[in-house]
Amino acid sequence: MKTIYSAIQPSGVMTLGNYIGAVDNWHQMQADPNNKCIFALADLHTITVRQDPAKFHENAMSFYALLLALGLDPKKSIVYFQSHVQQHAYLAWLLNCYTMVGEMNRMTQFKDKSQKHSDNINMGLMDYPVLMAADILLYNAHEVPVGVDQLQHIEIARDIAERVNGIYGDIFTVPKGVLKKVGAKIMSLQDPLAKMSKSDPNPKSFISVLDDDAVIMKKFKSAVTDSETEIRFDPENKPGVSNLLTILSVATKKSVDDLVKEFDGLMYGHLKVRTGEAVCEMLKPMKQEYNHLIKDEAYLLECARENAARAEAIAQETLDRFKKAIGYVMI
Ligand code: TRP
């Protein structure tokens with residue numbers, strides 16, 4: 001059995017990029033009977049950037065319902081809120097004492113976020129990778145599916161795990177980051193050189209998985225491409241067209257090569273409309289399920305409680321193993 005662990009922050013909206021790059025991939029991993037999957041809403045990470053309480057609460061519930069609506073199975077996998085399992089913060093503290101300030105100072109995301117939020121460079125922002133290491137190590141995860149931008153954080157989790165194991169013996173499983181092949185990075189519809197991001201001030205640049213069909217169609221129709229006319233996959237020279245092909249490939253489960261042949265002689269307009277339609281089609285069942293789930297708060301909370309308890313049982317075992325090795329008095 002292989003343990004797979006991943007998490008997503010419940011901030012803003014869930015974009016098509018999050019869905020294609022992360023959640024859909026989790027869904028596929030869950031289908032493999034050899035995998036034991038654990039998926040979290042990383043809501044402790046979210047407050048490293050200031051959140052409006054009401055909005056934060058709403059987003060967290062909405063993301064939980066979305067994860068279930070997108071097919072993550074809370075009976076088969078563990079689907080939970082990080083904030084419901086106290087062991088994350090506890091292990092993060094212990095790991096802090098095995099992590100060097102210099103290492104955290106070198107983290108690209110920390111440097112980026114410090115620039116972006118220069119009025120709030122809090123300790124949590126700097127400590128973010130250590131909490132993330134705690135998330136992963138608590139569950140003895142073998143593989144961690146993430147986007148390219150998170151690979152550096154997986155590297156540091158590995159370093160910390162190896163450091164601890166070097167001192168105390170076999171405490172942690174050393175995790176491996178895994179990247180998705182097609183669709184790992186979905187680009188902005190307005191600036192195809194930048195990653196699709198929910199924090200982009202231009203809402204036309206990203207699709208929320210909860211956008212109406214009409215809105216989705218409009219956004220795809222106004223997607224930025226290039227001044228040529230040929231439809232081919234060439235991310236370097238034709239990032240906009242290639243991004244549409246990638247999205248269409250995921251939405252239709254057809255290969256990019258087949259799609260390029262299919263679109264031979266057609267215009268960019270056709271590609272945009274087809275991609276929009278395919279995305280609407282792909283998201284439709286999920287939206288229906290979401291609309292049903294989000295009204296049933298009692299069910300969502302019960303599910304969250306049950307899944308947190310299952311997560312906690314694993315987490316406590318790991319934490320105890322480490323505490324014992326450090327020399328703590330166990331009661
Ligand atoms: N930092 C990750 C992101 O923003 C989310 C995350 C938190 C995570 N803890 C994790 C991802 C543990 C993988 C494993 O995408």
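**Cavities**

I began with the largest cavity in this predicted model, and about 30 Å³ of space lies in it. I listed its lining next: S188, L189, A223, V224, T225, G240, N243 and L244. Sorted by class, that lining gives me four nonpolar residues, four polar ones and no charged.

How many cavities of 30 Å³ or more are there? I get two. The second largest cavity also comes out at about 30 Å³. Here I noted Q109, F110, K113, L125, Y128, P129 and H153 as the lining. Both α6 and α7 put at least two residues into the lining of this second cavity. By class I count four nonpolar, two polar and one charged for it.

**The ligand site**

I kept Y128 in mind from the second largest cavity, since Y128 turned up again among the residues closest to the ligand. I find 13 residues surrounding the ligand, and the closest are A7, Y128, M132, D135 and Q150.

Which atoms of the ligand does the side chain of Y128 approach? A polar side-chain atom of Y128 sits 2.7 Å from a nitrogen atom of the ligand. I then checked D135, where a polar side-chain atom is also 2.7 Å from a ligand nitrogen. For Q150, I read 3.0 Å between an N or O atom of its side chain and a nitrogen atom of the ligand. As for cover, the ligand taken alone exposes 360 Å², and the protein buries 88% of that.

I wanted to know which elements build the shell. β1 (2-8) and α7 (123-138) each supply at least two of the shell residues. Which element gives the most to the shell? That is α7, with four residues. In class terms I wrote down eight nonpolar, four polar and one charged residue around the ligand.

**The largest pocket**

Where does the ligand sit among the pockets? The space it takes is the largest pocket. I have about 1300 Å³ for the volume of that pocket. Its lining runs to 46 residues, and I noted Q9, Q109, D149, Q150 and K195 as the ones nearest the centre. The elements giving two or more residues to this lining are β1, α1 (16-31), α2 (43-46), α6 (108-116), α7, β4 (143-145) and α8 (151-168).

Two names here repeat from earlier entries. Q150 is one of the residues nearest the pocket centre, and its side chain has the 3.0 Å pair with the ligand nitrogen. Q109, likewise listed nearest the centre, is also part of the lining of the second largest cavity.

By class I recorded 17 nonpolar, 21 polar and eight charged residues for the lining of the largest pocket.

**The second largest pocket**

I put the second largest pocket at about 460 Å³. It is lined by 19 residues, and D24, N25, Q28, K180 and V250 lie nearest its centre. Three elements give two or more residues to this lining: α1, α10 (239-252) and α12 (268-293). The largest share comes from α1, which supplies six residues. I also see α1 among the elements lining the largest pocket. The class split for the second largest pocket is 11 nonpolar, four polar and four charged.

**Backbone check**

Last, I looked at phi. Most residues other than glycine have a negative phi, so I jotted down the exceptions that came up. N140 has a phi near 55 degrees, a positive value in a residue that is not glycine. Where is N140? I find N140 in the loop between α7 and β4. Both of those elements are also among the contributors to the lining of the largest pocket.

K253 is my other entry of this kind, with phi near 60 degrees, again positive and again in a residue other than glycine. I place K253 in the loop between α10 and α11 (256-262). Of the elements flanking that loop, α10 is one I had already met in the lining of the second largest pocket.

Conventions: Residues numbered from 1 in each chain as written. Predicted model: local features only at pLDDT ≥ 70, side-chain atom pairs only at ≥ 80, totals over all residues. Heavy atoms only, no water. Near = heavy atom within 4 Å. Polar contact = N/O pair within 3.5 Å; in protein donor to acceptor, adjacent residues only side chain to side chain. Areas by Shrake-Rupley, 256 points an atom, 1.4 Å probe, with all protein chains shown as cover. 1 Å grid on protein atoms, 1.4 Å probe; cavity = no way out; pocket = protein on both sides within 12 Å on 5 of 7 lines; lining within 4 Å. Sits in = over half its atoms within 2 Å of the grid points. Nonpolar A, V, L, I, M, F, W, Y, C, P; charged D, E, K, R; others polar. Points joined across faces, edges and corners; volume = space filled by probe spheres on them.
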